[in-house]
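Here is a friendly walk through a protein and its DNA. Have a look at the sequence and the structure first, and then we will go through some parts together.

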Amino acid sequence: MKALCLRSRLKQFPRNNNVFRRYISSLPIYTDTNLAHQLHTIFTKNPNTSPDDDPDLRALAPFLNPKLVETVLYSFQSWNRAHIFFTWASNQQGYSHTAYTFNAVASILSRARQIAPLRALSVQILRSRCPMTPGALGFFIRCFGGAGLVDEANVLFDQVQSEGLCFPNVYAYNCLLEAVSKSTSVDLVDAKLKEMSHRGFVLDKYTLTPVLQVYCNAGRFDKAFDVFNMISDRGFLDGYLFSILALGLTKWGQVDKAFELIEVMEARNVGVTEKTFIVLIHGFVKQARLDRALQLFDKMKDSGFVPDISLYDVLIGVFSTAKELDKALGLYAEMKEFKVQTDTGIITKLISSCRDEGELKRLYTEIRRDMNLEALTMLYNSLLTVLVNNGSINKAYGLLRMLMKKGCNNDLQGDEFCWENDPNADSFCVVIDGLVKAGKLDMAVGLFRDMPKKICCKPNLLIYNNLISGLCSSDRLEESFEILREMEESGLVPSPFTHNSIFGCLCKRMDVAGALDLVKKMRVHGHDPWIKHCTLMVKELCKHRKAVEACKFLDDVVEEGFVPDMIAYSAALDGLIRIKEVDLAMELFRDIVARGNYPDVVAYNTMMKGLCQVRRVAEAEELLNEMITKGLVPSVVTYNSLIDGWCKNGSVEAAMRCLSEMFDKGREPNVITYTTLVNGLCNAGRPEEALAVWNEMVAVKGLVPGNIAFMALVHGLCKCGRTNEAAVHLREMKSRGMKPDGYVYTALISAFLAELNHPSALEMVKEMADEGSFPGKLDKNHAIARDAVIQLLRDSRTWSSIRDLIAEGKIPSISMPDIESEGLDGCIT
DNA sequence: ATAGGGTTAG
């Protein structure tokens, strides 16, 4: 009894040494204050020496007794000291812990949430075989429950019984149930309830409350309502039990039922506590039931409670995501009425409730006085963001510039805002980013240069990255390097994005040496160069017929330890093929596997195209078989390339066969397939079949031919001498809004001239001239067009029209001397 | 607050 008394008195003391010392000196005789003090001092002051080596401790050990140990345990501020002392005491000869010393250390460890030592303690208490009263067991179990060690509590509860150390009473059971109450262990609860009734225990309120809690946690409302009714029948019902049930229902989405329960409480005059209101409103909001949340919120106020800031915060938060500024402001006004102190979180939510500039300004006028400088800057930055997102980048820029002018005051003309705050780095970030996105790089750089040299405006990584990336996209590489240098000097570490922005720019410029230098630097930073930039380098080099250099670049990148992917290699393959280095391409293609990549369908397509173009269709066919063997599925592109190859190789039959096979294989031919065939058939002098194929594409397959397809057909028909049909398709093409180019017109004109149909040829020249499609001097078709014009000038039916076109400048590229030299000066006035 | 690049038709 005395020990219990002592413990509870000790617990009231804050863990403060002076207070403790004063207390120690007032202790009654039965505790040796001097001893307790000495032990406390030794364990506090020598944290580094092992207690076992301490001669002073060895001297004190024989005087240990449970009461002393308990006193000393509670005297430590740190759980760790207490634990060390407890362990030391455990090992002293002649001393044994009692349930009370175990409980003392258990409560200390539990409060400090020291799970592992607590677990060890449950083993130790069993091993020590110390007997305990049901009350002591209950206390111990509650320590475990408080630390969340539900299973351990349960096991221990059973073991102390089977070992005969304790026979639990209702209180001990209740403690166990309380420990279990945070869990969803319905089975465990049921088992314990059964045990209790077997033993003839009367279930009281403290039994049934945790039981209800567990049923609610597990969503077992059938059982929960049974228990609830049982509690009600026994007359135990109170607001707390209602709130457990209501909150459980809420957590399981049954908001309406929870709300009904509150109404029942009101009807029965069971007071709903403030905490219940708060917890339920939060729960309703979490369940996205703003309607009920607001209803309950009103009830709460009707009951005379002043809602706390957390409720205003969460409700304003909902209105803020819905962008309902008015409703958010309504709550805010109410909050002020209740004199609830606002905070930054709420101000932030109000700011993000604003949809546009107007709303931000309104908000500013309404809550200006409640905002501190930090909040003002936030509002200001929101305004800048809104402006930037609405495309008013100039306005955002202007505002920021205005703010940068010190002594910003009420005279700011034309603006209702009065900013007395300073912009911060975020302000600049928003505007610089906006300027970069709007392509106003010079302004962005200028603003960056003018950033005030203050800590709050120190450019951050995002600013540097955005600026460097913007400059790089505009090929302003030198400035990017300069800014990168400044960035590093300022102590910021470039991110992979920073380096890759510059790397991409170097690749776009085809600066192979520069790119490789940077890759070396990046490797030091542990940054991978983005392969898409390597691919870009390859593409650009290939565009300039430098496919060999591209391959070398890829090799060098590999040398640095970064292996490009198949896409980069495919680009290189294509580049080699474009400069007719098919054998080199083949070599690379075979080498790719050795580099750890597997050629994919696109790579095969590229290779096959290359072979077909140099009439090595048989090899292309071999590749087709190879890819199928490797489990790759040929695409429409694959077949299209092959069809083209066969057509150009004189085997139109094979191409046609392929077309029907495509259907079988489920690779639906597309416009390109048909166009290729139309072209091939016309070249083979088979216009009827070409028209049939065309018809199948349009009428049967419902495909929509584009510019190139139409031009192939028109050109092909001209070639076959089907000029009139060609002209019909030209009409159709134009009626569908497509614009034929000089190539097609020239074909038609030549064809009409060949048929000696000068009037029709003239029509075509007119159309071509009217559309400004007359082939320029550098155009392959220029000579043909010019010859046609000359021929038409020689014909009395057509010459005057041609003369007019020349006079109007619609045939600009035919120079006078050209015509005069033909001796036709009489035709031109 | 950050990926997405390679292949086919006159």
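How far is a phosphate oxygen of DNA strand B from an N or O atom in the side chain of Lys 609? The distance is 2.9 Å, which falls under the heading of a polar contact (a pair of N or O atoms within 3.5 Å; within protein, one must be able to donate a hydrogen and the other to accept it, and residues adjacent in sequence count only if both atoms are side-chain atoms).

## Before we start

This is a predicted model, in which local features need pLDDT of at least 70 and side-chain atom pairs count only at pLDDT 80 or more, while totals for chains, interfaces and linings use all residues. Residues are numbered from 1 along each chain as its sequence is written, chains are lettered from A and ligands numbered from 1 in the order in which they are written, and side-chain values use heavy atoms, with hydrogens and water left out.

## Around the DNA

Let us stay with DNA strand B. Thr 675 has a side-chain N or O atom 3.4 Å from a base nitrogen of the strand, and a polar side-chain atom of Tyr 743 is 3.4 Å from a sugar or linking oxygen. Elements that give two or more residues to the surface near the strand include helix H35 (601-613), helix H39 (671-683) and helix H43 (742-754). Helices here are DSSP runs (H or I, at least four residues), numbered from the N terminus.

There are 35 residues around DNA strand B, and Asp 565, Asp 600, Asn 605, Asn 640 and Tyr 743 come nearest. Sugar and phosphate make up 40% of the strand's atoms that come within 4 Å of the protein. A residue counts as near the strand if one of its heavy atoms lies within 4 Å of it. Sorted by class, this surface has 15 nonpolar, 11 polar and 9 charged residues. In this sorting, Ala, Val, Leu, Ile, Met, Phe, Trp, Tyr, Cys and Pro are nonpolar, Asp, Glu, Lys and Arg are charged, and the others, Gly among them, are polar.

## Helix H7

Now for a helix in another part of the chain. Helix H7 covers residues 99-111, and its 13 residues should span 18 Å at 1.5 Å a residue; the end C-alpha atoms are 18 Å apart, which agrees. The expected span is 1.5 Å times one less than the number of residues.

Of the 13 residues of H7, 11 are buried (buried means under 20% relative accessible area, exposed over 50%, partly exposed in between, with a 1.4 Å probe and protein chains only). Among them are Phe 102, Val 105, Ile 108 and Leu 109. The buried residues pack against helix H5 (66-75), helix H6 (79-90), helix H8 (115-128) and helix H9 (134-146). Just after H7, Arg 113 takes a positive phi of about 55°.

## Helix H25

Helix H25 (residues 425-437) also has 13 residues with an expected span of 18 Å, and its end C-alpha atoms are 18 Å apart, in agreement. Because 11 of those 13 residues are buried, H25 is largely enclosed by the rest of the structure. The buried ones include Phe 428, Cys 429, Asp 433 and Leu 435, and what covers them includes helix H23 (373-389), helix H24 (393-404) and helix H26 (441-449).

What happens at the start of H25? There, a side-chain oxygen of Asn 424 reaches to within 3.0 Å of the backbone nitrogen of Asp 426. Just after the helix, Gly 439 has a positive phi of about 75°.

## Single residues to find

Is Met 196 buried or exposed? Met 196 sits in helix H12 (residues 186-198) and is buried, with a relative accessible area of 0%. Its contacts (heavy atoms within 4.5 Å) include Val 170, Tyr 173 and Phe 201. Ser 320, in helix H19 (residues 309-321), is buried at 8%, and its side chain makes a polar contact of 3.2 Å with that of Ser 352.

Most residues other than glycine have a negative phi. Lys 323, however, has a positive phi near 55°; it lies in the loop between H19 and helix H20 (325-337) and is partly exposed, at 32%. Lys 339 has a positive phi of about 60°, lies in the loop between H20 and helix H21 (344-352), and is exposed, at 74%.

Conventions: Lists of a residue's contacts leave out its neighbours within four places in sequence.
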